[in-house]
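Student: Please take one part of this structure and go through it closely. I would like each term explained once, with its cut-offs.

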Amino acid sequence: IPRPRQGSRALVLVVEDNVLNQVVAVGILTRLGYGADVVDNGRDAVETVAGGAYAAVLMDCRLPGLDGYQATAEIRRREGPTRHTPIIAMTASATREDRDRCLAAGMDDYVAKPVMVGDLQAVLARWLPEEGPAADAAGPAAEVIDHDRLAALMELDQDGQGSRLLTRL
């Protein structure tokens, strides 16, 4: 998983059990200037959010054991009325019913998989306007959203060559 850029301003927790989706999410976050931690299940997500200072959580809805909906409900229960960590669903299902289910579980927003740079950048800007990275942190990555996905994945690699990330994928 790529390391966050130096100077990252906000730390985001990625809750995702699929390694490929983890790599892509962390790559996008890193490119946008955010720091990222990763857990692969709902139980670890609940404990990690309780013990950390995350600006936001990207939550997969379908996780083994405690799923994303249940994990979100438990995070909300533990936070109580005085704390509210933005939780953004990452879901392959983008129907209105799925969106409503995410919001009913206590999630604040959602992005559809496959997650694209521009979509994630827009959602994070809504929830982290003061903590987010500078507007130019995305660089050319924001421009490749509508181009070939291979080119977008190549942009995520820190060396700019795309070789390491594509080899891992």
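Tutor: Val 12 has Ala 56 as its bridge partner in strand S3. This is a predicted model, so local features need pLDDT of at least 70 and side-chain atom pairs count only at pLDDT 80 or more, while totals for chains, interfaces and linings use all residues. Residues are numbered from 1 along each chain as its sequence is written, and side-chain values use heavy atoms, with hydrogens and water left out.

Strand S3 covers residues 56-60 and runs parallel to S1, with four bridges joining the two. Helices (H or I, at least four residues) and strands (E, at least two) are DSSP runs, numbered from the N terminus. Two strands pair if DSSP finds at least two bridges between them. Val 12 also stands opposite Ala 36, which is in S2. Strand S2 (residues 35-39) pairs with S1 in the parallel sense over five bridges.

Why is strand S1 largely enclosed by the rest of the structure? Four of the five residues of S1 (residues 11-15) are buried, and that is why. Buried means under 20% relative accessible area, exposed over 50%, and partly exposed in between, using a 1.4 Å probe and protein chains only. In the chain as a whole, 47% of the 169 residues count as buried.

S1 and S2 are also linked through a helix: together with H1 (residues 19-32) they make a right-handed β-α-β unit. Right-handed here means that, with the strands pointing away from the viewer, the path from the first strand over the helix to the second runs clockwise.

Now the sheet around S1. It is an open sheet of five strands in the order S2-S1-S3-S4-S5, with parallel pairing. S2 and S5 (109-112) are the edge strands, each pairing on one side only. From one strand to the next the twist averages 25 degrees. Axes are lines fitted to C-alpha atoms, for helices over the stretch in contact, and angles run from 0 to 180 degrees between N-to-C directions. Towards the S5 edge, S4 (residues 87-91) and S5 pair in the parallel sense over four bridges, and Met 90 stands opposite Val 111 in S5.

Helix H2 packs on the sheet and touches S1, S2 and S3; its direction makes about 165 degrees with that of S1. H3 packs on the sheet too, touching S3 and S4, and its direction makes about 150 degrees with that of S3. Contact means heavy atoms within 4.5 Å.

The axes of H2 (residues 42-51) and H3 (residues 68-79) come within 9 Å and cross at roughly 25 degrees. The two helices are therefore roughly parallel to each other; angles under 35 degrees count as roughly parallel, over 145 as roughly antiparallel, 65 to 115 as roughly perpendicular and the rest as oblique. Residues making the contact include Ala 45 and Val 49 of H2, and Ala 71 and Ile 75 of H3.

One residue of H3 is Thr 72. Thr 72 is buried, with a relative accessible area of 0%. Apart from neighbours within four places in sequence, Thr 72 is in contact with Met 59, Ile 87, Ala 105, Gly 106 and Met 107.
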